[in-house]
Amino acid sequence: MTDRLLTPAVVELTQNLCDRFGPQRLAVLEHAGRRTAELREGNVTFLAETANVRSGEWTVDPVPAELLERRVELIGGCTRKEIIEGMNAGAKSYVADLRNMTLNNGSMILQAHKNIERAADNRLAYVGDDGDRVRINPHSTTRLMMVPRPLSVMDPGGRGIAGPLPAAFLDLAIHTLYNAEKLRMRQGGVYLYLREVSGHLEARLWNDVFTYLEDRLEMPRGTFRATVIMDSLAAVLEADEILFELMHHSAGLSLDHQAYAADHITLFSAPDRPHLPDRDHIGLNAHFLRSISLLIISVCHRRQAHAIGAPSYVLPIDPSLPAKPAYLDMIADKEREAVDGHDGTLVGHPGTVNAAMTEFNKSMPRSHQMYYQRPCHVTAADLVQRPEGALSTAGILTSIRVVLLALVGQNTDQAV
């Protein structure tokens, strides 16, 4: 049986993307594997062959007026309830994540796309526990963004489309044909976050794809704008180069400290190497994470691009109870990001939007801080300096418990 989303036009566009960019995608992934091997061997350096890009005087294309203010953006899943609550939470943008917050299952992904399609023109609704119909506030000014699945992920296909095939190409084909024109008229463009970008060659591929889609739909150059999440050492070392390759389609860079720490573990964990300490010792003020933050602010503002802070996933406080340490740490993190010069930040729960907004309102009087150029002396060694602290059994059990709770929550959400 063919799914209603997978029209002949969607299937054709997906196949065109696979044919046109498939070989380039494989070459990019192969290069990423070689770069990972170099980093694992300890060759942690900025690329010599792109030194001219880092030293050159250039900027990305001007940020569209509709995207200038990004003070607090909310990232979450793609169920009806999550999207509606996200669009009504008061954040500047809601980021529907097809990668980390949606199961990579054919039917789940297609349902997520249907929800995003309906949200693009405020047709999304669900029936609450009290029997009332809940919908997106028609007066909401929150932008709708999306995180497509990365280039390395394969979609199993089915329901009218042959697979396996690169998941990113299917996500872009569906999103482009159903939503691009609506979003361009509603919010000035098609805004994406990109995860697991391995470096500037992958950024070049994304840029080529965006250009192709704009030409095919006869849309202005820069309709597609991507914020690249700095979630790996390889990406951070090529921050300038990534912005350069996405010059006409860049919406800046963002941080993901948890993914970066996980990448650090993947690269440098070995029996003869010291382990990272418990999660409690790896806050945003840890030297290697703070170094990334300061580096990204410096790079982005020099290139006139947004620098977006790291997402926080803590729960909001219960007014009847004392604030938990994790919540207070989140407030301190958001205050530090705003004071340091970030142009906005991410949160992972609707109930924490206002708290994060308050911190940015206090320290960021204008719509962004791209006018502020922070001097930066971060070295490659700073990016891999291990935090100090103990590794305990209790800490390991806590990490396992967090993962299990996240998996249970994700499966529960998908059933909504």
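Where is Q304 found? The points below begin with that residue and then move through the helices and the loops around them.

1. Q304 lies in the loop between helix 10 (287-302) and strand 11 (307-312). This is a predicted model, and in it Q304 has a positive phi of about 60° although the residue is not a glycine. At a relative accessibility of 35%, Q304 counts as partly exposed, because a residue must be over 50% to be called exposed and under 20% to be called buried.

2. E218 also has a positive phi, near 55°, and is likewise a residue other than glycine. The loop that holds E218 runs between helix 6 and strand 9 (224-230). With a relative accessible area of 74%, E218 is exposed.

3. On the other side of helix 6, R195 sits in the loop between strand 8 (190-194) and helix 6. R195 is buried, its relative accessible area being 3%, and its side chain is joined to that of D256 by a polar contact of 3.1 Å. Once the neighbours within four places in sequence are left aside, R195 is in contact with I75, D97, R99, N100, V147, P150, I229, D231, D256 and Y313. A colleague looking at this charged side chain in the structure may wish to view R195 together with D256, since the 3.1 Å polar contact joins the two side chains.

4. Helix 1 (residues 8-40) and helix 6 (residues 200-217) have axes that come within 9 Å and cross at roughly 165°. That angle makes helix 1 roughly antiparallel to helix 6, because angles over 145 degrees count as roughly antiparallel. The crossing of helix 1 and helix 6 is right-handed. Helix 1 brings E12, L13, N16, L17, R20, F21, Q24, R25, V28 and H31 to the contact, while helix 6 brings L201, E202, R204, L205, D208, V209, Y212, L213 and R216. By class, the residues of this contact between helix 1 and helix 6 divide into nine nonpolar, three polar and seven charged.

5. Helix 6 is also met by helix 5, and here the two axes come within 12 Å and cross at roughly 35°. The crossing of helix 5 and helix 6 is right-handed. From helix 5 come A168, F169, L172, T176, L177 and A180, which meet W206, V209, F210, L213 and L217 of helix 6. The contact of helix 5 with helix 6 has 10 nonpolar residues, one polar residue and no charged residues.

6. L183 belongs to helix 5 (residues 167-187). L183 is buried, with a relative accessible area of 0%. Not counting residues up to four places away in sequence, L183 touches A120, L144, H175, G188 and G189. I136, which is 47 residues from L183 along the chain, has its C-alpha atom separated from that of L183 by 15 Å.

7. In helix 12 (residues 353-363), the buried residues are V353, A355, A356, M357, E359 and F360. When reading such a pattern, it helps to recall that an α-helix has 3.6 residues a turn, so residues three or four places apart point the same way. The cover over the buried residues of helix 12 includes strand 1 (70-76), helix 11 (325-340) and strand 12 (344-347).

Notes. Residues numbered from 1 in each chain as written. Predicted model: local features only at pLDDT ≥ 70, side-chain atom pairs only at ≥ 80, totals over all residues. Heavy atoms only, no water. Helix = DSSP H or I, 4+ residues; strand = E, 2+ residues; numbered from the N terminus. Buried < 20%, exposed > 50% of the residue type's maximum accessible area, 1.4 Å probe, protein only. Contact = heavy atoms within 4.5 Å. Axes fitted to C-alpha atoms, helices over the stretch in contact; angles between N-to-C directions. Parallel < 35°, antiparallel > 145°, perpendicular 65-115°, else oblique. Left-handed = near helix turned anticlockwise from the far one by under 90°. Nonpolar A, V, L, I, M, F, W, Y, C, P; charged D, E, K, R; others polar. Polar contact = N/O pair within 3.5 Å; in protein donor to acceptor, adjacent residues only side chain to side chain.
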